[in-house]
2 protein chains.
Amino acid sequence: MRLRVFLLLNLLAGLLLTAGGATADEGMWLFNDLPKKQLKEKYGIDVTDEWAEHLMKSCVRFNVGGSASFISSNGLVLTNHHVGSDTLFKLSTAERDILKDGFLARTLGEELKAPDLELNQLVEIRDVTAEVNAAVTSELTPEQAVAARRAVISKIEQEASDKTGLRCNVITLYGGGRYHLYHFKKYTDVRLVWAPESSIAFFGGDADNFEYPRYNLDACIFRVYENDQPAKIEHFLKWSPNGPGEDEITFVAGNPGRTSRILTVSALKFQRDQRIPFVLNSLCRRELALQQFGLAGPEAARRAKDELFGVQNSRKVYFGRVNGLQDPAIFAAKTSAESALLAKVKADPKLASSAAAWDRVAEVQKRRGELLGKGVTVSSRLFEIAETIVQMVEEDQKPTGQRLPEYSDAGRASLEQQLYSTAPIYPDLDQMQLADSMTRMVELRGADDPVCVAMLNGKSPTDRAAELTNGTALADVAARKALVQSGLAGVRNSTDPMVAMIRALDPEIRRFRKLTDELDELERQAYAQIANAIFATQGTSTYPDATFSLRLSFGPVKGYIEDGKQVPAWTDFGGAFTHELAHKGQENYDLPPSWHAAKDKLNLSTPFNFVSTADIIGGNSGSPVVNKNLELVGLIFDGNIQSLTGDFVYSDTQSRAVSVHSSAIREALRYVYKAEELADQLGK
Amino acid sequence: MRLRVFLLLNLLAGLLLTAGGATADEGMWLFNDLPKKQLKEKYGIDVTDEWAEHLMKSCVRFNVGGSASFISSNGLVLTNHHVGSDTLFKLSTAERDILKDGFLARTLGEELKAPDLELNQLVEIRDVTAEVNAAVTSELTPEQAVAARRAVISKIEQEASDKTGLRCNVITLYGGGRYHLYHFKKYTDVRLVWAPESSIAFFGGDADNFEYPRYNLDACIFRVYENDQPAKIEHFLKWSPNGPGEDEITFVAGNPGRTSRILTVSALKFQRDQRIPFVLNSLCRRELALQQFGLAGPEAARRAKDELFGVQNSRKVYFGRVNGLQDPAIFAAKTSAESALLAKVKADPKLASSAAAWDRVAEVQKRRGELLGKGVTVSSRLFEIAETIVQMVEEDQKPTGQRLPEYSDAGRASLEQQLYSTAPIYPDLDQMQLADSMTRMVELRGADDPVCVAMLNGKSPTDRAAELTNGTALADVAARKALVQSGLAGVRNSTDPMVAMIRALDPEIRRFRKLTDELDELERQAYAQIANAIFATQGTSTYPDATFSLRLSFGPVKGYIEDGKQVPAWTDFGGAFTHELAHKGQENYDLPPSWHAAKDKLNLSTPFNFVSTADIIGGNSGSPVVNKNLELVGLIFDGNIQSLTGDFVYSDTQSRAVSVHSSAIREALRYVYKAEELADQLGK
């Protein structure tokens with residue numbers, strides 16, 4: 001595998017985009033700073049403001065962690081099955097497993113309302129860097145700086161929200177180098193229209209995840225409502241009649257979650273040697289605990305499945321990352337790029353003082369290492385609910401700008417939608433996760449740690465979890481509302497055992513939060529300097545690391561060579577049946593009966609999945625892939641295994657973004673799911 | 001769950017056995033120090049020397065980590081399927097999966113020779129404490145003490161072996177308080193006679209492992225040969241006609257692997273807060289890596305299965321241990337017992353100086369914590385082979401008493417049996433394990449560590465593992481022999497990449513080994529003092545922690561109460577079919593076709609599995625269970641989940657040893673496997 005690290009070197013060395021047409025298609029670009037010159041020069045494409053606005057407003061963010069797009073004037077939203085799965089799971093019961101068996105609403109009346117889904121459409125971006133920086137001056141202590149930044153951001157968000165009625169969030173970019181205010185239109189009445197069976201959405205299971213070639217219909221369709229009517233949507237994507245051609249340039253608009261490309265070598269070493277191994281161990285422990293839980297029987301397996309899928313997925317991502325970071329060649333390249341940049345910075349009298357920022361980042365990593373795993377980390381929905389309520393009634397005593405940001409007035413409606421969600425909580429699953437995570441917390445802090453002693457209250461983690469789960473009333477939404485209603489006094493006097501435990505743990509939760517907030521602040525300040533040094537040496541025509549905010553990526557549809565063999569850009573429906581046969585008898589390799597029944601009616605040469613060189617990462621799942629005319633040609637659902645190093649380096653040698661082809665969705669709706677009417681609405 | 005910690009308190013406080021008939025049936029007793037008085041008083045049983053000798057000599061140790069017994073005069077040996085599984089796996093191929101499908105030899109000629117199995121029969125025990133202690137004087141440094149102890153033990157073993165022609169090993173007992181010389185008769189021609197399908201041996205899979213009630217035929221039968229003829233066995237167990245009755249006293253003779261009951265509180269804290277979490281994380285990582293490997297297809301799954309089973313089993317054991325140690329009640333009891341003993345020691349002028357031993361143990365734990373995970377730990381058979389050869393040719397330059405013990409002359413034949421085993425090595429599996437364990441080693445030591453840099457040689461763990469696996473010749477037994485033949489010069493000049501890597505790593509392997517050997521030595525010296533303090537306050541009538549040497553445990557057949565419900569002592573054949581039905585469609589819950597075919601002929605009320613209160617632990621698997629007349633009534637194969645805290649405390653409230661009933665084995669042989677002739681030989 002030859003990773004194209006040199007492009008990243010260019011970025012860090014301040015040379016990006018000077019090489020003109022020879023550059024690869026790296027970048028997760030801001031919609032208010034698109035690489036227009038590059039697109040014009042390399043692909044002859046004029047990116048107009050109208051083009052950009054239409055694409056931006058056709059996009060939808062799933063706040064559970066994915067991307068999506070409007071695909072009709074009457075509110076249809078297309079995303080991945082695995083992005084919708086959180087809702088599919090919450091809508092399922094022991095009797096009706098929508099996540100597994102799929103769903104189709106034949107009428108508006110049959111559409112199923114999601115219990116707690118919020119979709120956000122980005123409608124405006126404003127640069128507020130000057131305003132934020134003016135409030136956070138260099139003489140403040142880290143603690144004061146955290147408070148000052150929090151206050152000014154809260155003020156900016158609140159004022160914008162008051163003025164526009166929109167959800168307004170300040171997004172931190174370039175690790176702290178820029179602050180942009182994003183205005184979102186919120187949709188909170190979201191209903192499920194169609195989902196296929198998980199056996200075709202996740203065909204090949206964990207084994208095929210992050211592999212290619214693939215044959216997955218990882219798609220589902222929701223509809224947004226306003227005033228109990230399908231929302232009227234101005235900006236939506238037309239459906240391409242045939243999808244993209246080989247080597248055709250395509251665009252991906254979505255919300256990549258996080259990349260670490262600006263990270264200094266010391267920060268990458270912390271990731272490589274400490275944080276990623278720690279996370280990997282935690283994920284493996286959780287994965288096995290969920291597997292074990294599922295062994296009790298089919299219903300237990302169903303309850304654990306959605307979370308298990310997420311944990312498995314992350315585990316595979318982190319394995320990819322550690323493998324990349326442990327490659328001495330990649331790391332040597334990062335190191336020499338940093339040296340080159342630092343030499344440039346030190347040689348420039350205006351920048352020389354910035355060199356200390358690298359040392360400050362290194363210092364922060366050391367302290368992060370000391371804190372790793374020493375927090376209060378408990379995976380249990382009931383624990384989280386109690387924690388939210390205990391903290392909220394406390395925070396509400398302060399003016400909004402002084403609160404922990406998640407308890408601000410501006411965010412309250414979204415918070416309450418989560419807190420009062422009617423999504424089922426399975427006590428057996430929740431209890432297992434509570435016990436498992438308490439066990440792990442006791443391992444990490446040591447059983448003699450006073451916080452652990454208080455948490456366990458004289459019992460083993462297993463027995464304590466049973467006591468808490470059986471004793472708390474918070475599984476009931478009405479009980480949550482009543483507890484919030486009872487206010488600070490009520491919460492302080494509550495005898496609910498989960499609430500009582502959170503009261504005992506809250507000082508430690510806050511102490512730890514303060515420490516990490518201050519480290520974040522120190523790092524933000526350091527990266528702001530580093531980013532400015534990069535801007536000063538190369539101009540601002542670059543892209544910031546991903547922050548789960550809307551970005552544009554692009555690249556041609558293109559196969560690649562692996563182990564000396566050509567991997568084609570496309571798969572087709574016929575390949576799915578061949579793939580099934582090749583893995584006969586293996587778990588997760590049975591196509592659903594609906595596909596077998598429809599086989600005769602399907603055009604088996606219909607393209608199914610395809611790959612492109614677009615620069616994507618987790619969070620891009622569900623992103624629309626469009627051609628230059630902004631017609632939808634695909635739906636991002638994965639990257640191949642080689643793309644997993646994309647967290648810190650972009651490559652177009654073998655790394656590929658993997659999409660469901662638009663024709664596959666249309667044909668499957670028509671011939672497998674007999675959803676003619678829905679198929680007719682696509683792009684209309 | 002009420003754990004009978006008080007008995008352990010008694011042990012530590014020096015009160016054991018003074019309470020007479022009221023004591024529970026705790027103890028893994030030495031065959032040269034059996035609790036005759038206790039058995040007489042509580043059960044009215046006279047344990048004669050003949051009784052003890054017959055039982056001792058009827059027992060067989062599987063050096064892969066299990067127990068067994070002679071069950072016929074013509075060499076038949078009974079053990080668990082999961083003890084034999086290492087051999088069943090090595091005898092299997094892609095075309096003939098003996099581990100999964102079972103095996104029956106209808107003639108002697110059809111019996112399959114194990115590629116590298118060595119069975120040991122204990123024939124004599126001699127106390128050599130004085131001789132060992134005379135050689136290791138208190139003025140020696142830890143390094144000198146390690147060498148002196150090694151030399152004297154090597155001398156004792158070599159002399160005994162020369163004199164008797166037997167395998168002779170000095171066993172360290174009471175953590176260093178006593179040294180006994182064990183004489184073993186070796187059997188190295190061991191052939192497989194019968195094994196059932198893994199689906200009945202491991203019915204219920206990982207989900208049912210360590211659970212009860214159970215329905216498992218976890219048994220298989222080998223035969224030992226001498227001079228290519230079935231060995232003539234003097235001491236073997238008769239087969240009980242009906243098995244044990246409820247509440248009947250039974251005896252278990254086997255090789256419990258390791259317990260930690262003498263451990264000081266500081267040592268238990270090290271286990272609880274550091275070592276066990278570390279091991280758990282490693283096990284979970286390995287388990288998922290093996291699972292992932294198996295997803296590639298049925299043959300990959302077969303190759304990974306035996307190791308996966310072992311890792312799963314250990315993971316469940318370690319979860320049980322951490323859960324027990326994190327229970328504040330258990331830990332408080334251990335702490336107060338230690339305080340009581342220490343108070344007694346300090347108050348006795350003759351013992352007071354021993355109190356410092358507890359501090360020395362604590363000091364060792366601190367240093368163990370610093371070393372945890374910092375060694376060279378690589379799981380790969382090809383790596384191990386290269387390591388053995390590189391070290392062996394180096395060690396062979398020294399006199400036997402100065403070598404690392406595993407390279408002594410006395411042990412050479414056993415070592416060579418392993419080294420030159422013809423058991424298949426699957427390069428794909430071995431490569432994955434090599435990559436996975438190198439990844440983990442790099443995580444633990446940090447990628448900048450010079451040893452890791454040397455190990456990876458500029459490549460990622462994945463690429464380096466491929467290079468090593470493809471490049472080494474050591475999969476071939478002839479190549480191993482040739483390399484050994486080439487001697488020190490040959491090994492030093494070898495261009496085999498695996499050998500070259502081991503040469504680079506060996507100094508670090510030896511440096512680390514030296515550090516841990518010295519810590520072991522310090523701990524042995526401290527525990528010798530602690531043990532002597534215990535002997536001084538209570539006499540020597542107690543049992544030492546398990547050391548994978550032959551012990552006697554005992555206790556009645558007895559059900560228990562769990563969640564308010566009575567769990568019966570027995571299950572029966574009929575229950576297996578009911579259990580299958582209750583778990584229909586779940587993995588590992590399908591009885592094999594042979595059982596369905598035989599259902600009509602089976603007496604469904606035949607007892608299948610039963611529980612007793614005997615004090616057992618891992619390593620006891622395959623132990624014979626006998627009645628007072630030394631008739632075989634059962635075959636230990638598991639402990640229930642409550643017994644997993646048995647590492648550090650014994651309880652008879654809910655903890656149970658789980659056995660296959662002798663009648664189940666006989667009836668299954670007769671009616672399911674149609675092995676009448678074999679069934680007729682049992683106990684004859």
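These legends go with four close-up views of a predicted model.

**View 1. Helices α10 and α16 of chain A pack against each other.** Two packed helices are described by the angle between their axes and the distance between the axes. Here, α10(A) (residues 265-294) and α16(A) (residues 427-445) meet at an angle of about 145°, and their axes are 11 Å apart. Their crossing is right-handed. On the α10(A) side, look for A:S282, A:R285, A:A289 and A:F293, which touch A:L429, A:M432, A:D436 and A:R440 of α16(A). Sort this contact by residue type and you get 4 nonpolar, 1 polar and 3 charged.

**View 2. Chain B touches chain A.** On this border, 32 residues of chain B are in contact with 32 residues of chain A. Which helices of chain B each supply at least two residues of the side that touches chain A? They are α9 (205-208), α10 (265-294), α11 (298-325), α12 (328-347), α16 (427-445) and α18 (461-471). The largest share comes from α10(B), with 8 residues. As for its make-up, the side of chain B that touches chain A has 13 nonpolar, 11 polar and 8 charged residues.

**View 3. Helix α13 of chain B has buried residues on one side and exposed ones on the other.** Start with a quick ruler check: at 1.5 Å a residue, the 16 residues of α13(B) (residues 356-371) should span 22 Å, and the end C-alpha atoms are 23 Å apart, so the two agree. Now find B:A357, B:W358, B:V361, B:V364 and B:Q365, which are buried. These buried residues cover an arc of only 115° around the axis, so they sit on the same side of α13(B). An α-helix has 3.6 residues a turn, so residues three or four places apart point the same way. What do the buried residues of α13(B) pack against? Their partners are α10, α12 and α21 (497-538) of chain B. Over on the other side of α13(B), B:A356, B:D359, B:K366 and B:E370 are exposed. After the helix comes B:G373, with a positive phi near 75°.

**View 4. B:Y212 sits in a loop of chain B.** The loop in question runs between α9 and β11 (220-226) of chain B. Is B:Y212 buried or exposed? B:Y212 has 24 other C-beta atoms within 10 Å, so it counts as buried, the cut-off for that being 20 or more. B:Y212 and B:F610 are 398 residues apart in sequence, yet their C-alpha atoms are 9.1 Å apart in space. Leaving out neighbours within four places in sequence, B:Y212 is in contact with B:V567, B:V611, B:N640, B:R656 and B:V658.

Key: Residues are numbered from 1 along each chain as its sequence is written. Chains are lettered from A and ligands numbered from 1 in the order in which they are written. This is a predicted model: local features need pLDDT of at least 70, side-chain atom pairs count only at pLDDT 80 or more; totals for chains, interfaces and linings use all residues. Axes are lines fitted to C-alpha atoms, for helices over the stretch in contact, and angles run from 0 to 180 degrees between N-to-C directions. Helices (H or I, at least four residues) and strands (E, at least two) are DSSP runs, numbered from the N terminus. A crossing is left-handed if the near helix is turned anticlockwise from the far one by less than a right angle, and right-handed if clockwise. Two residues are in contact if their C-beta atoms, placed from the backbone, lie within 7 Å. Ala, Val, Leu, Ile, Met, Phe, Trp, Tyr, Cys and Pro count as nonpolar, Asp, Glu, Lys and Arg as charged, and the others, Gly among them, as polar. The expected span of a helix is 1.5 Å times one less than its number of residues. A residue is buried if 20 or more other C-beta atoms lie within 10 Å of its own, exposed if 12 or fewer, and partly exposed in between; C-beta atoms are placed from the backbone. The arc is that of the directions from the helix axis to the C-beta atoms.
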